[in-house]
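This briefing addresses strand pairing, an aromatic contact and pockets. Please consult the sequence and the structure shown here while reading.

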Amino acid sequence: MTTPGIRPLVAGNWKMNGTLAMAGALVSDINGRYRQAALKADLLLCPPFPYLAAVGGQLTGTGISLGAQDCHTGASGAHTGDVSAQMLADLGCRYVILGHSERRADHGESSALVAAKAKAALAAGLGAIICVGETEAQRNAGEEKKIVEYQIIDSIPAEATATNAVIAYEPVWAIGTGKTPTPADVEAMHRHIRALLVTRVPGGAGMRILYGGSVKPSNAAELMAVPEVNGALVGGASLKVEDFWAIAEGAAKSAA
């Protein structure tokens, strides 16, 4: 096991992709495989907002969790187009992804805003998956650990614990590009994150740290076996059942 006592989590982030029909077929296939396998890993599916109810209905009673891709800091109010954490909880969500690099870049989200969203998520009883990661320019400048450290410090609310929050390390330059850090690079960053969590979060030694960034069947087993990698945040590959399942199996084997 890459981190003794931590059960891996494999989260599928569908982003802004799919149709209702595709979602139904994909979830049905994943459910069928999950029922027949004694998978030593937890699975989480995070479809776009419009499909949450439908996907949640299919996941009821399966043991696979439902998650969302973002939430607002407020419980209610004049926030056209936004969704509160409590609304997500009402739909059966157990987790919400926060601070994804695409949100930070496309919507200008700061770490302070991510922390406020995470606080709202925790208050609603959701698990917060807090994303951190450096750009290629920052890595080339040798600043990757410093950047991630700042994001960890500023993005995690005081209410976070090992049981209600998850960290997802996603090197920005590896997301959807096909580029992947070496296992040694991933290990160095995950050990750095673990050391930070131990000093800043209650039970930080047991908090899940996921890896995200061009995870695919061909590299899943190797990446999931890296020390302090406790699962994966999967993007494009989560839309293909064969790919997503292979990654899940890679994570499960690391826990065997």
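In which sense do strands S1 and S8 pair, and over how many bridges? In this predicted model, strand S1 (residues 9-13) pairs with S8 in the parallel sense, over four bridges.

**Strands S1 and S8**
- Within this pairing, Ala11 stands opposite Leu233 in S8.
- Strand S8 spans residues 231-234, with Gly231 and Leu233 pointing one way and Ala232 and Val234 the other way.
- In a regular strand, side chains alternate between the two faces of the sheet.
- Gly231, Ala232, Leu233 and Val234 are all buried.

**Aromatic contact**
- The count of aromatic pairs comes to one.
- The ring centres of Tyr169 and Tyr211 are 6.2 Å apart and the planes lie at 55°, so this pair is tilted.
- Because Tyr169 lies in strand S6 (residues 165-169) and Tyr211 in strand S7 (residues 209-211), the pair ties together parts that are 42 residues apart in sequence.
- Tyr169 is buried, with a relative accessible area of 1%, and Tyr211 is buried, with a value of 0%.

**Largest pocket**
- The volume of the largest pocket is about 430 Å³.
- Its lining comprises 19 residues, of which Lys15, Met16, Gln69, Asp70 and Arg103 lie nearest the centre.
- Helix H4 (residues 101-106) gives the most to this lining, with three residues.
- By class, the lining has seven nonpolar, six polar and six charged residues.

**Second largest pocket**
- The second largest pocket has a volume of about 270 Å³.
- It is lined by 18 residues, and Gly176, Ser214, Val215, Gly235 and Gly236 are the closest to its centre.
- This lining divides into five nonpolar, ten polar and three charged residues.

Key
Residues numbered from 1 in each chain as written. Predicted model: local features only at pLDDT ≥ 70, side-chain atom pairs only at ≥ 80, totals over all residues. Heavy atoms only, no water. Buried < 20%, exposed > 50% of the residue type's maximum accessible area, 1.4 Å probe, protein only. Helix = DSSP H or I, 4+ residues; strand = E, 2+ residues; numbered from the N terminus. Pairing = 2+ DSSP bridges. Phe/Tyr/Trp six-rings, centres within 6.5 Å; stacked < 30°, edge-to-face > 60°. 1 Å grid on protein atoms, 1.4 Å probe; cavity = no way out; pocket = protein on both sides within 12 Å on 5 of 7 lines; lining within 4 Å. Points joined across faces, edges and corners; volume = space filled by probe spheres on them. Nonpolar A, V, L, I, M, F, W, Y, C, P; charged D, E, K, R; others polar.
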